Amino acid sequence: MVAATFVPLGYIVSTLVSTGVHETAQLVFRPRVAELLRNTAELVVLTVPICVALGVGLAWIVERTDVPGAAWWGPIFAAPLAVPAFVNSYGWVSAIPSLHGLGAGVLVSTVSYFPLVYLPAAATLRRLDPAVEESARALGSGPVAVFARIVLPQLRLAILGGGLLISLHLLAEYGAFAMIRFDTFTTAIFQQYQSSFAGAAGSTLSGVLVVLCLVLLAGEAAVRGRARYARVGAGAQRGANRIRLGLGAIPMLTLLTAVLAATLGVPLWTIGRWLTIGGAAVWNTADIGESLAQTIGLAATAAVITTLCAFPVAWVAVRSTSRFARIIEGANYITSSLPGIVIALALVTVSIRWLPALYQTAATILAAYTLMFLPRALVSVRAGLAQVPVGLEEASQVLGKSPAATFFRITLRLTAPAAAAAAAMVFVAVATELTATLLLAPNGTDTLAMQFWQLSGELDYAAAAPYALIMIIVSVPVTYLLFTQSRKAAGL
């Protein structure tokens with residue numbers, strides 16, 4: 001599995017070696033690369049803090065205040081994960097045709113990815129022992145001090161894990177930024193490969209993306225540290241006392257409603273508008289049914305495979321502090337930061353040269369999905385394993401249980417909610433994946449995302465609307481499962 005993660009990197013390195021040092025340097029040190037670097041860096045620097053502030057802020061409002069409808073707001077703010085980023089772009093561009101550039105990129109990215117911080121932050125807030133905060137308040141700390149000194153440090157893993165995932169999404173996203181005409185490394189790489197398939201310029205840009213990913217990984221690892229967050233016993237069985245908002249509930253509800261309108265209201269309104277314009281003629285039930293079946297089949301299979309592959313990697317990352325463990329974990333993040341088209345071309349090259357029987361088969365596209373989305377599963381599974389007390393496993397073995405029995409009866413049982421959340425995240429990602437699917441899908445495959453992209457690329461927004469709607473409908477139940485599993489992981 002670890003060796004497979006290096007296939008895309010090996011593809012890039014081999015291309016650069018064949019290009020030569022002089023030509024590679026010329027391709028790297030040119031104004032176009034500087035422009036793309038600035039665009040991508042600005043996108044990450046602006047979007048991630050906004051997503052963190054929005055995700056943590058919404059989680060705190062929903063979980064720690066008496067805001068009306070708190071039980072409903074929780075799943076509502078998980079629902080944006082069901083709307084693909086390129087569908088969000090489709091919605092916002094349809095509503096505001098002049099929308100483009102960095103501001104549009106930050107807007108679309110924020111409404112698409114903030115749940116990656118909101119969900120783990122909300123789950124962590126539910127799990128925290130309220131007695132610690134009450135003790136701090138009894139010692140004279142105010143609400144702001146308690147949050148900054150007690151609550152926020154315990155949200156560190158949720159914030160860092162979610163922020164890292166968002167950053168990797170921003171490095172690899174293509175469809176959303178192409179639709180709003182905002183150039184990043186990924187859109188430039190796609191354009192290069194469209195013009196020269198396996199050209200040196202595209203591989204050079206991919207190499208720069210790898211460097212950016214290494215910087216993000218190093219920063220996340222340094223800030224994360226080696227602190228452990230497991231505890232023996234469930235702690236307090238009651239939830240924290242909710243803060244009474246009084247008249248403050250009005251601005252809070254205004255904020256929640258505004259976020260709901262931006263994340264779900266705009267794309268759903270746009271889809272509804274185009275469906276009304278298109279009428280019954282846009283509902284080609286035969287094509288839609290076939291695309292739906294293929295999408296669900298690929299997504300479900302990939303979710304199971306990817307979650308199973310995440311377990312050994314997460315185990316090594318959590319239970320070992322060696323440099324080798326960090327390398328194993330980091331290799332998966334590096335690979336996932338590459339655009340889907342780069343991973344797809346690497347697998348195409350390998351299958352044609354050494355494994356021709358796998359060329360344009362389901363096995364190849366499932367391998368691409370696993371490489372691309374393993375970090376999604378890894379973050380959830382790693383968090384679940386980190387909260388399994390090692391003392392319980394040791395006690396089980398002292399009582400005569402084998403390591404295998406201990407794993408299935410204790411470790412796997414306690415990690416099951418996190419594993420279910422991981423599988424749900426991968427399912428949603430695969431169901432809406434575009435670039436790798438376009439290149440690797442076996443003949444006759446037309447997923448919902450492929451059909452949507454083809455029709456929207458032809459500016460037939462009305463015909464594309466049913467596929468956008470069904471992608472959301474398919475993803476909503478799985479997103480709700482992700483939300484409920486995060487509650488189970490918090491012990492509720």
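Which residues form a nonpolar patch on the surface? In this predicted model, the patch is made by W354, L355 and L358, and together they offer about 330 Å² of accessible area. L355 lies in the loop between α18 (340-353) and α19 (362-386). With a relative accessible area of 44%, L355 is partly exposed, because that class runs between 20% and 50%.

Let's turn to the aromatic side chains. The structure holds 11 aromatic pairs. Two of them are set out here.

| Pair | Centre to centre | Angle between planes | Geometry |
|---|---|---|---|
| F86 and F452 | 5.5 Å | 35° | tilted |
| Y90 and Y461 | 5.5 Å | 80° | edge-to-face |

The F86 and F452 pair links distant parts of the chain: F86 belongs to helix α6 (residues 85-95) and F452 to helix α23 (residues 448-457), 366 residues apart. Both of these phenylalanines are buried.

The Y90 and Y461 pair also links distant parts of the chain, with Y90 in helix α6 and Y461 in helix α24 (residues 461-489), 371 residues apart. Y90 has 1% relative accessibility and so counts as buried. Y461 counts as buried too, at 17% relative accessibility, because the cut-off for buried is under 20%.

How do these rings fit into a wider group? F86, Y90, F452 and Y461 are members of one aromatic cluster, which also includes Y174, W274 and W453. W274 has a charged partner as well: the charged end of R273 sits over the W274 ring, 5.0 Å from the ring centre.

Terms used: Residues are numbered from 1 along each chain as its sequence is written. This is a predicted model: local features need pLDDT of at least 70, side-chain atom pairs count only at pLDDT 80 or more; totals for chains, interfaces and linings use all residues. Side-chain values use heavy atoms; hydrogens and water are left out. Patches are made of residues with over 30% relative accessible area and no salt bridge: like charges are joined within 9 Å, nonpolar side chains (Val, Leu, Ile, Met, Phe, Trp, Tyr) within 5 Å. Accessible areas come from the Shrake-Rupley method with a 1.4 Å probe; for residues, only the protein chains shown count as cover. A salt bridge is a side-chain nitrogen of Lys or Arg within 4 Å of a carboxyl oxygen of Asp or Glu. Helices (H or I, at least four residues) and strands (E, at least two) are DSSP runs, numbered from the N terminus. Buried means under 20% relative accessible area, exposed over 50%, partly exposed in between (1.4 Å probe, protein chains only). Rings of Phe, Tyr and Trp (its six-membered ring) pair if their centres lie within 6.5 Å; planes under 30 degrees apart count as stacked, over 60 as edge-to-face and the rest as tilted. A charge sits over a ring if NZ of Lys or CZ of Arg is within 6 Å of the ring centre and within 35 degrees of the ring normal.
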